[in-house]
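Thanks for making the time this morning. I would like to walk through a handful of local features, taking each with its surroundings, and I will put the sequence and the structure up before I begin.

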Amino acid sequence: MHIQDGVLSVPILAGGAIGSLAGIFFGLKRVKTEDIPKVAVLSSVFFTVSLIHVPVGPSCVHPGMNGLIGLILGWTSFPSIFVALVVQSVVLQFGGVTAIGVNTCASALPAVLLHYTLRRFINSSRTTPFLGGFLFGFLGPLLCAAIVSFALILSDRNFYPLISVIFMMHLPISAIEGIISGFAVVYLKKVDPRILEWQRSNPRCGSTL
């Protein structure tokens, strides 16, 4: 979701900026030279699909594929998504410049959380690859909506009536992203399963689930 300038309070903007900088720092520490094309491709995926948006009050709802991005990139989702948001804001005036930090956290933080909490389902013998991918794709947009809603309410209680609308409009998006992510995981498992083990193959990333 993209929040515009002049909507959030200064403390929320500052908190989002600090959180996004921390995420970008951890993400960049985990990038190897040979992984840059992968990060760039997923950044372009986020940039492209998130241009399909429906305005909802001071924000908007749109697909973002942050669940699938989180599955593949982990912490590196932060710099990947940040670059896409900066280009959208500066070039296309899509999303506020001052709100880039909050917008980055809203999309990238769920990606990282899902990576470290649900990654086990991708390789579990009890779960099909499609179901594992579906969980990532379905929960990504909902967690993003939750963070944006939290930021809006903390800035101004008058935004509270919009919260239910935001979540209801994200349900079909979550279902669509879940299906796409499920098929994407099945495909990657067949053609190059190493893509789904990117974090594990990077010696600077430490242990993963």
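Let me start with a side-chain pair, Arg194 and Asp192, which are joined by a polar contact of 2.9 Å. Please keep in mind throughout that this is a predicted model. Arg194 itself sits in the loop that lies between H8 and helix H9, the latter covering 198-201, and with a relative accessibility of 62% Arg194 counts as exposed, because the cut-off for that class is over 50%. If you look across from there to Ile72, you will find that the C-alpha atoms of Arg194 and Ile72 are separated by 9.8 Å, although the two residues are 122 residues apart along the chain.

Ile72 brings me to the helix pair. How do the axes of helix H3 and helix H8 cross? Helix H3, residues 66-73, and helix H8, residues 160-191, have axes that come within 9 Å and cross at roughly 30°. Since angles under 35 degrees count as roughly parallel, H3 is therefore roughly parallel to H8. On the H3 side the contact is made by Asn66, Leu68, Leu71 and Ile72, while H8 contributes Glu177, Ser181, Ala184, Val185 and Leu188. Sorted by character, the residues of this contact of H3 with H8 divide into six nonpolar, two polar and one charged.

Now to the backbone, where two residues deserve a careful look. Met65, which is not a glycine, nevertheless has a positive phi of about 60°, and its place is in the loop between strand E2, 59-61, and H3. Is Met65 buried or exposed? Its relative accessibility is 6%, so Met65 counts as buried. Gln93 likewise is a residue other than glycine with a positive phi, in this case near 55°, and Gln93 is placed in the loop between helix H4, 77-92, and helix H5, 100-118. Gln93, however, is exposed, its relative accessible area being 57%.

The last topic is the aromatic residues, and here the structure holds six aromatic pairs. One of them is formed by Phe130 and Phe183, whose ring centres are 5.1 Å apart and whose planes stand at 65°, so this pair is edge-to-face, the class for angles over 60 degrees. This pair links distant parts of the chain, given that Phe130 belongs to helix H7, residues 129-155, and Phe183 to helix H8, with their positions 53 residues apart. As for accessibility, Phe130 is partly exposed at a relative accessible area of 30%, whereas Phe183, at 54%, is exposed.

Phe134 and Phe138 form another aromatic pair, and this one is stacked, with 5.6 Å from centre to centre and 15° between the planes. Why are Phe134 and Phe138 separated by about one helical turn? The reason is that they are four residues apart in helix H7. Both residues count as partly exposed, Phe134 at 24% relative accessibility and Phe138 at 25%.

Finally, I would draw your attention to Phe25, Phe26, Trp75 and Phe78, which together form one aromatic cluster. I will leave the structure on the screen and am happy to go back to any of these places.

Key. Residues numbered from 1 in each chain as written. Predicted model: local features only at pLDDT ≥ 70, side-chain atom pairs only at ≥ 80, totals over all residues. Heavy atoms only, no water. Axes fitted to C-alpha atoms, helices over the stretch in contact; angles between N-to-C directions. Parallel < 35°, antiparallel > 145°, perpendicular 65-115°, else oblique. Contact = heavy atoms within 4.5 Å. Nonpolar A, V, L, I, M, F, W, Y, C, P; charged D, E, K, R; others polar. Buried < 20%, exposed > 50% of the residue type's maximum accessible area, 1.4 Å probe, protein only. Polar contact = N/O pair within 3.5 Å; in protein donor to acceptor, adjacent residues only side chain to side chain. Phe/Tyr/Trp six-rings, centres within 6.5 Å; stacked < 30°, edge-to-face > 60°.
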